[in-house]
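Please open the model in your viewer and keep the selection tool at hand, as this tour moves from one selection to the next and says what can be found at each stop.

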Amino acid sequence: MSSEGGLRAVVAALLANVGIAIAKFIAFALTGSSSMLSEAVHSLADSGNQILLLVGNKRSRRRSTSTHQFGYGRVRYLYGFIVAIVLFLVGGLFSLFEGWHKIQHPEALSDPGVAFIVLGVAILLEGLSLRIAVREAKKMRGRHGLPSFLRRTRNPEISVILLEDTGALVGLVFALAGVTVATLTGDGRWDGLGAAAVGTLLVVIAVFLGVEMASLLTGESALPEEERAIRQAIESTDGVGRVIHLRTLHLGPDELLVAAKIGVDPSRTALQVSSIIDAAERRLRETVTKECVVYLEPDIYELGEAGGTS
């Protein structure tokens with residue numbers, strides 16, 4: 001469900017941005033608006049980013065090899081990080097440069113009516129794309145709000161699309177404001193300010209995405225509630241005294257590595273300990289919705305005592 005929802009949002013955003021980018025470039029050619037050029041480059045960068053996310057998702061599905069024994073799930077985080085860099089360099093810095101250039105060398109807009117039409121259509125399409133992304137995120141976030149969800153989610157596609165679409169929609173409003181004021185005042189510097197505002201917004205979003213993707217690439221654990229569920233599943237198994245320590249790691253958005261040392265009664269035979277471990281693993285897999293690679297190590301634990309050896 002996590003991957004499918006993210007992919008639906010990516011495809012919807014890609015279709016919207018390709019159409020929007022073409023319309024914006026045509027509008028820029030007719031009007032000479034820096035805000036329109038910044039928005040066109042932004043939409044082009046977004047389209048490329050969505051293609052990158054689709055490629056990353058496909059490459060992450062490759063089977064494990066002797067070199068990559070845990071598979072390629074974290075490739076999706078790598079492509080998410082690349083997207084953040086592209087958004088920063090192509091979207092943000094280009095828009096800032098174009099805005100600064102237009103402020104220094106202002107020019108009157110030649111046909112602002114075209115820009116208004118294209119911006120209105122773009123706002124409608126971006127709004128529809130964002131609506132799909134929010135709907136897919138709602139299925140995953142549970143009781144958490146969107147800001148909390150963006151910090152907690154291990155799904156790179158949905159977080160990238162949510163932020164991209166939000167940034168695109170707000171950026172369109174900035175561009176519309178810049179074009180409107182430039183048209184009313186005849187001062188092209190307002191158009192440049194609109195482009196600079198778009199660039200600043202994209203840089204902020206790109207930095208946030210870069211930090212989040214870098215953290216995921218480095219390796220993040222399961223969410224706290226997932227770790228509690230894992231611990232409870234193991235400790236509720238007959239024959240398990242307690243979980244001495246537990247470590248988890250995301251091998252990808254939908255796959256977890258679970259390693260735990262569990263305390264067992266020293267009077268148990270090797271066959272009994274083996275059966276306890278198998279039962280604990282089965283209960284763990286029934287509890288956790290993600291795919292799990294599980295390693296459980298038994299250790300001596302005296303029932304009724306405060307601790308066990310490690």
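A residue is called buried when its relative accessible area is under 20%, exposed when that area is over 50%, and partly exposed in between. Please keep in mind throughout that this is a predicted model.

**First stop: a residue in a helix**

Select Glu-281, which lies in helix α9. Is Glu-281 buried, exposed or partly exposed? Its relative accessibility is 22%, and because values between 20% and 50% fall in the middle class, Glu-281 counts as partly exposed. If you now add Val-294 and Leu-296 to the selection, you will see two residues that Glu-281 touches, when residues up to four places away in sequence are not counted. Then select Thr-237, which is 44 residues away from Glu-281 along the chain, and look at the C-alpha atoms of the two, which are separated by 9.2 Å.

**Second stop: the sheet**

Next, select residues 240–252, 255–264 and 291–300, which are the strands β1, β2 and β3. Together they belong to an open sheet of three strands, in the order β1-β2-β3 and with mixed pairing. Since β1 and β3 stand at the edges and have a single partner strand each, one side of each is left without a neighbour in the sheet. From one strand to the next, the twist averages 15 degrees. As a general rule for reading such a picture, strands of a sheet pair through backbone hydrogen bonds, either parallel or antiparallel.

Begin with β1 and β2, which form a hairpin with two residues between them and pair in the antiparallel sense over 10 bridges. To follow this pairing residue by residue, select Arg-242, which stands opposite Gly-263 in β2, and then Val-243, whose bridge partner in β2 is Ile-262.

Move on to the other side of β2, where 10 bridges join this strand to β3 and the two run parallel. Here you can select Val-264, which stands opposite Ile-300 in β3, and also Lys-261, whose bridge partner in β3 is Glu-297. How many of the 10 residues of β2 are buried? Eight of them are, so β2 is largely enclosed by the rest of the structure.

With the three strands still shown, select residues 270–287, which form helix α9. This helix packs on the sheet and touches β1, β2 and β3, while its direction makes about 145 degrees with that of β3.

**Third stop: two buried residues**

Select Gly-252, which is found in strand β1 and is buried, with a relative accessible area of 4%. Leaving out residues up to four places away in sequence, Gly-252 touches Gly-73, Arg-74 and Tyr-77. The C-alpha atoms of Gly-252 and Gly-71 are separated by 8.8 Å, although these residues are 181 residues apart along the chain.

Then select Ser-60, which is found in the loop between α2 and α3 and is also buried, with a relative accessible area of 13%. With the same neighbours in sequence left out, Ser-60 touches Tyr-72, Gly-73, Val-75 and Arg-76.

**Fourth stop: helices that pack together**

Select residues 75–104 for helix α3 and residues 156–185 for helix α6, which pack at an angle of about 20 degrees with their axes 9 Å apart. What does this angle say about their directions? Angles under 35 degrees count as roughly parallel, and α3 and α6 are therefore roughly parallel to each other. In this pair, α3 passes α6 in a left-handed crossing. To see the contact, select Arg-76, Tyr-77, Val-83 and Leu-87 of α3 together with Pro-156, Glu-157, Val-160 and Glu-164 of α6. These residues divide into five nonpolar, no polar and three charged.

Finally, keep α3 selected and add residues 189–218, which form helix α7. The angle between α3 and α7 is about 160 degrees, and their axes are 7 Å apart. Angles over 145 degrees count as roughly antiparallel, and α3 and α7 are therefore roughly antiparallel to each other. The crossing of α3 past α7 is left-handed, and by class their contact has 23 nonpolar, nine polar and three charged residues.

Terms used:
Residues numbered from 1 in each chain as written. Predicted model: local features only at pLDDT ≥ 70, side-chain atom pairs only at ≥ 80, totals over all residues. Heavy atoms only, no water. Pairing = 2+ DSSP bridges. Helix = DSSP H or I, 4+ residues; strand = E, 2+ residues; numbered from the N terminus. Axes fitted to C-alpha atoms, helices over the stretch in contact; angles between N-to-C directions. Contact = heavy atoms within 4.5 Å. Parallel < 35°, antiparallel > 145°, perpendicular 65-115°, else oblique. Left-handed = near helix turned anticlockwise from the far one by under 90°. Nonpolar A, V, L, I, M, F, W, Y, C, P; charged D, E, K, R; others polar. Buried < 20%, exposed > 50% of the residue type's maximum accessible area, 1.4 Å probe, protein only.
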